[in-house]
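Here's a walk through one chain, going from the overall fold down to single residues. Have the viewer open and follow along.

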Amino acid sequence: MTIRSLTLADFDAVNTIFMQMQNLHIKYRPDLYRKIEKPTTHKAWDYEASLEDGNKIMLGAETDGKIVGFCIIEIRQSESRALVLRTVAHINNIAVDENYRRKGIGKALYLEAVKLGKARGADSVDLKVFSFNESAIAFYKSLGMTEQSFTMEQKI
(Lines give C-alpha, C1' and ligand atoms only; values in the text may rest on other atoms or scores of the structure.)
Protein backbone atom coordinates (compact mmCIF):
# COMPACT_ATOMS: atom_id res chain seq x y z
CA MET A 1 0.00 0.00 0.00
CA THR A 2 1.12 3.52 -0.84
CA ILE A 3 -0.17 6.79 0.57
CA ARG A 4 0.05 9.56 -2.01
CA SER A 5 -1.50 12.85 -3.05
CA LEU A 6 -4.76 12.52 -4.94
CA THR A 7 -5.21 13.79 -8.50
CA LEU A 8 -8.17 14.49 -10.78
CA ALA A 9 -7.65 11.02 -12.27
CA ASP A 10 -8.51 9.50 -8.87
CA PHE A 11 -11.99 11.05 -8.76
CA ASP A 12 -13.99 7.97 -9.77
CA ALA A 13 -12.38 5.74 -7.15
CA VAL A 14 -12.63 8.38 -4.42
CA ASN A 15 -16.22 9.11 -5.42
CA THR A 16 -17.15 5.43 -5.03
CA ILE A 17 -15.79 5.44 -1.48
CA PHE A 18 -17.45 8.80 -0.80
CA MET A 19 -20.81 7.33 -1.83
CA GLN A 20 -20.29 4.40 0.58
CA MET A 21 -19.76 6.96 3.34
CA GLN A 22 -22.81 8.98 2.20
CA ASN A 23 -24.99 5.87 2.22
CA LEU A 24 -23.88 5.01 5.77
CA HIS A 25 -24.88 8.50 6.89
CA ILE A 26 -28.23 8.19 5.09
CA LYS A 27 -28.89 4.87 6.83
CA TYR A 28 -28.40 6.28 10.32
CA ARG A 29 -29.34 9.95 9.82
CA PRO A 30 -31.90 10.23 7.02
CA ASP A 31 -33.10 13.40 8.75
CA LEU A 32 -29.78 15.06 7.87
CA TYR A 33 -28.49 13.30 4.76
CA ARG A 34 -30.40 12.84 1.54
CA LYS A 35 -30.06 10.23 -1.12
CA ILE A 36 -28.11 11.57 -4.05
CA GLU A 37 -27.18 10.15 -7.40
CA LYS A 38 -23.53 9.25 -7.71
CA PRO A 39 -21.85 12.36 -9.11
CA THR A 40 -20.25 11.98 -12.51
CA THR A 41 -17.94 15.00 -12.61
CA HIS A 42 -14.83 15.91 -10.64
CA LYS A 43 -16.50 19.23 -9.80
CA ALA A 44 -18.84 17.27 -7.51
CA TRP A 45 -18.58 17.94 -3.76
CA ASP A 46 -15.78 20.43 -4.52
CA TYR A 47 -13.26 17.69 -5.33
CA GLU A 48 -11.47 19.70 -8.02
CA ALA A 49 -11.52 22.90 -5.96
CA SER A 50 -10.13 21.01 -2.95
CA LEU A 51 -7.20 19.76 -5.03
CA GLU A 52 -6.33 23.37 -5.83
CA ASP A 53 -6.88 24.72 -2.30
CA GLY A 54 -3.54 25.42 -0.64
CA ASN A 55 -5.06 24.84 2.81
CA LYS A 56 -6.17 21.30 1.97
CA ILE A 57 -4.21 18.08 1.74
CA MET A 58 -5.83 15.33 -0.33
CA LEU A 59 -4.43 11.86 0.34
CA GLY A 60 -5.21 8.53 -1.25
CA ALA A 61 -4.31 5.01 -0.16
CA GLU A 62 -3.41 2.93 -3.18
CA THR A 63 -3.20 -0.86 -3.35
CA ASP A 64 -2.42 -2.70 -6.59
CA GLY A 65 -2.96 0.49 -8.58
CA LYS A 66 -6.40 1.14 -7.02
CA ILE A 67 -7.42 3.90 -4.61
CA VAL A 68 -8.95 2.07 -1.61
CA GLY A 69 -9.13 4.93 0.87
CA PHE A 70 -8.84 8.69 1.08
CA CYS A 71 -8.36 11.47 3.59
CA ILE A 72 -9.02 15.18 3.17
CA ILE A 73 -7.28 17.45 5.66
CA GLU A 74 -7.79 21.18 6.02
CA ILE A 75 -5.22 23.33 7.80
CA ARG A 76 -7.13 25.84 9.94
CA GLN A 77 -6.13 28.77 12.13
CA SER A 78 -8.19 29.57 15.21
CA GLU A 79 -9.90 32.91 14.66
CA SER A 80 -11.76 33.61 17.88
CA ARG A 81 -10.24 36.12 20.27
CA ALA A 82 -11.52 33.93 23.10
CA LEU A 83 -9.40 30.96 21.97
CA VAL A 84 -5.69 30.39 22.05
CA LEU A 85 -4.14 31.05 18.65
CA ARG A 86 -3.32 27.68 17.14
CA THR A 87 -3.13 25.76 13.89
CA VAL A 88 -5.22 22.62 13.53
CA ALA A 89 -5.15 19.87 10.93
CA HIS A 90 -8.88 19.21 10.59
CA ILE A 91 -9.80 15.93 8.92
CA ASN A 92 -12.84 16.71 6.77
CA ASN A 93 -13.15 13.14 5.53
CA ILE A 94 -11.37 9.88 6.09
CA ALA A 95 -12.82 6.76 4.52
CA VAL A 96 -11.76 3.30 3.40
CA ASP A 97 -13.54 1.18 0.81
CA GLU A 98 -15.77 -1.29 2.67
CA ASN A 99 -13.97 -4.20 0.94
CA TYR A 100 -10.58 -3.09 2.32
CA ARG A 101 -11.34 -2.25 5.94
CA ARG A 102 -9.40 -3.65 8.91
CA LYS A 103 -6.17 -3.86 6.90
CA GLY A 104 -4.38 -0.82 8.39
CA ILE A 105 -5.37 1.55 5.57
CA GLY A 106 -7.29 4.00 7.77
CA LYS A 107 -4.45 4.06 10.28
CA ALA A 108 -1.89 4.73 7.55
CA LEU A 109 -4.00 7.60 6.19
CA TYR A 110 -4.44 9.05 9.67
CA LEU A 111 -0.72 8.84 10.50
CA GLU A 112 0.19 10.53 7.20
CA ALA A 113 -2.39 13.26 7.91
CA VAL A 114 -0.80 13.86 11.32
CA LYS A 115 2.68 13.95 9.79
CA LEU A 116 1.72 16.39 7.03
CA GLY A 117 -0.34 18.52 9.39
CA LYS A 118 2.63 18.82 11.73
CA ALA A 119 4.86 19.75 8.80
CA ARG A 120 2.41 22.57 7.99
CA GLY A 121 2.61 23.91 11.56
CA ALA A 122 -0.44 22.22 13.10
CA ASP A 123 -0.26 21.54 16.82
CA SER A 124 -3.25 19.18 16.82
CA VAL A 125 -5.52 17.14 14.60
CA ASP A 126 -9.28 16.97 14.95
CA LEU A 127 -12.34 15.59 13.18
CA LYS A 128 -16.07 15.15 13.57
CA VAL A 129 -17.67 11.73 13.94
CA PHE A 130 -21.33 10.92 14.45
CA SER A 131 -22.25 9.12 17.67
CA PHE A 132 -23.92 6.29 15.71
CA ASN A 133 -20.58 5.37 14.17
CA GLU A 134 -19.29 3.39 17.14
CA SER A 135 -16.67 1.49 15.13
CA ALA A 136 -15.14 4.76 13.89
CA ILE A 137 -15.14 6.18 17.43
CA ALA A 138 -13.34 3.09 18.71
CA PHE A 139 -10.87 3.35 15.81
CA TYR A 140 -10.07 7.01 16.55
CA LYS A 141 -9.67 6.28 20.26
CA SER A 142 -7.26 3.44 19.38
CA LEU A 143 -5.13 6.05 17.61
CA GLY A 144 -4.99 8.17 20.76
CA MET A 145 -7.72 10.68 19.94
CA THR A 146 -9.95 11.90 22.77
CA GLU A 147 -13.34 13.62 22.87
CA GLN A 148 -13.11 17.37 22.65
CA SER A 149 -16.76 18.37 22.66
CA PHE A 150 -20.26 17.13 21.98
CA THR A 151 -22.82 18.52 19.55
CA MET A 152 -26.24 18.25 21.14
CA GLU A 153 -29.58 18.37 19.33
CA GLN A 154 -33.29 18.15 19.95
CA LYS A 155 -35.94 17.92 17.29
CA ILE A 156 -38.69 20.51 17.71
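What follows covers the overall fold first, then the cores, then a handful of individual positions.

**Overall picture**

Keep in mind that this is a predicted model. The chain holds 4 helices and 5 strands, and read from the N terminus they come in the order β-α-α-β-β-β-α-β-α. With a radius of gyration of 16 Å, close to the 15 Å that the globule rule gives for 156 residues, the chain is as compact as a globular protein of that length. The C-alpha trace spans about 45 × 45 × 30 Å along its principal axes.

Of the 156 residues in the chain, 40% are buried. If you look at contacts with a sequence separation of 6 or more, 60% of them link residues 24 or more positions apart. On the outside, the chain exposes about 10,200 Å², and 50% of that comes from carbon and sulfur atoms. As for charges, there are 22 positive and 20 negative ones, and their mean positions sit 4 Å apart.

**The cores**

Which residues have the most contacts inside the largest nonpolar core? They are Cys71, Ile73, Ile91, Ile94, Leu109 and Tyr140, in a core of 21 residues. The elements giving two or more residues to this core are strands E2 (56–63), E3 (66–77) and E4 (87–96), plus helices H3 (105–119) and H4 (134–142). Apart from this core lies another one of 13 residues, with Val14, Tyr47, Met58 and Ala95 among them.

Cys71 is a good place to zoom in. Leaving out residues up to four places away in sequence, Cys71 touches Ile57, Met58, Leu59, Ile91, Asn93, Ile94, Leu109 and Ala113. Met58, one of those partners, is itself listed in the 13-residue core.

Ile91 shows up in that contact list, and you'll find Ile91 in strand E4. Its relative accessible area is 2%, under the 20% cut-off, so Ile91 counts as buried. Beyond four places in sequence, Ile91 is in contact with Cys71, Ile72, Ile73, Tyr110, Ala113, Val125, Asp126 and Leu127. Lys56 is 35 residues away from Ile91 along the chain, and their C-alpha atoms are separated by 9.5 Å.

**Past the last helix**

Met145 lies in the segment after H4. Is Met145 buried or exposed? Its relative accessible area is 15%, so Met145 falls under the 20% limit and is buried. Not counting residues up to four places away in sequence, the ones it touches are Tyr110, Val125, Asp126, Leu127 and Tyr140. Tyr110, Val125, Asp126 and Leu127 also appear among the contacts of Ile91, while Tyr140 is one of the residues with the most contacts inside the largest core.

**Out at the surface**

Two loop residues have a backbone detail worth a look in your viewer. Asp64 is in the loop between E2 and E3, and its phi is positive, about 50°, although it is not a glycine. Arg102 sits in the loop between E4 and H3; here phi is about 65°, again positive in a residue that is not a glycine. What is the relative accessibility of Asp64? It comes to 80%, so Asp64 counts as exposed, the cut-off being over 50%. Arg102 also counts as exposed, at 80% relative accessibility.

Lys115 belongs to helix H3. With a relative accessible area of 53%, Lys115 is over the 50% cut-off and therefore exposed.

**C-alpha separations**

Here are the pairs side by side, with sequence separation next to distance in space.

| Pair | Apart in sequence | C-alpha to C-alpha |
|---|---|---|
| Ile91 and Lys56 | 35 residues | 9.5 Å |
| Arg102 and Phe139 | 37 residues | 9.9 Å |
| Met145 and Asp126 | 19 residues | 8.2 Å |
| Lys115 and Ile67 | 48 residues | 20 Å |

For Met145 and Asp126, the 8.2 Å separation goes along with a contact between the two residues. The Lys115 row, at 20 Å from Ile67, belongs to the exposed residue in H3 described above.

How values were computed:
Residues numbered from 1 in each chain as written. Predicted model: local features only at pLDDT ≥ 70, side-chain atom pairs only at ≥ 80, totals over all residues. Heavy atoms only, no water. Rg over C-alpha atoms; globule rule 2.2 N^0.38 Å. Buried < 20%, exposed > 50% of the residue type's maximum accessible area, 1.4 Å probe, protein only. Contact = heavy atoms within 4.5 Å. Areas by Shrake-Rupley, 256 points an atom, 1.4 Å probe, with all protein chains shown as cover. Lys, Arg positive; Asp, Glu negative; His and termini not counted. Charge placed at Lys NZ, Arg CZ, Asp CG, Glu CD. Core = buried A, V, L, I, M, F, W, Y, C linked by side-chain atoms within 4.5 Å.
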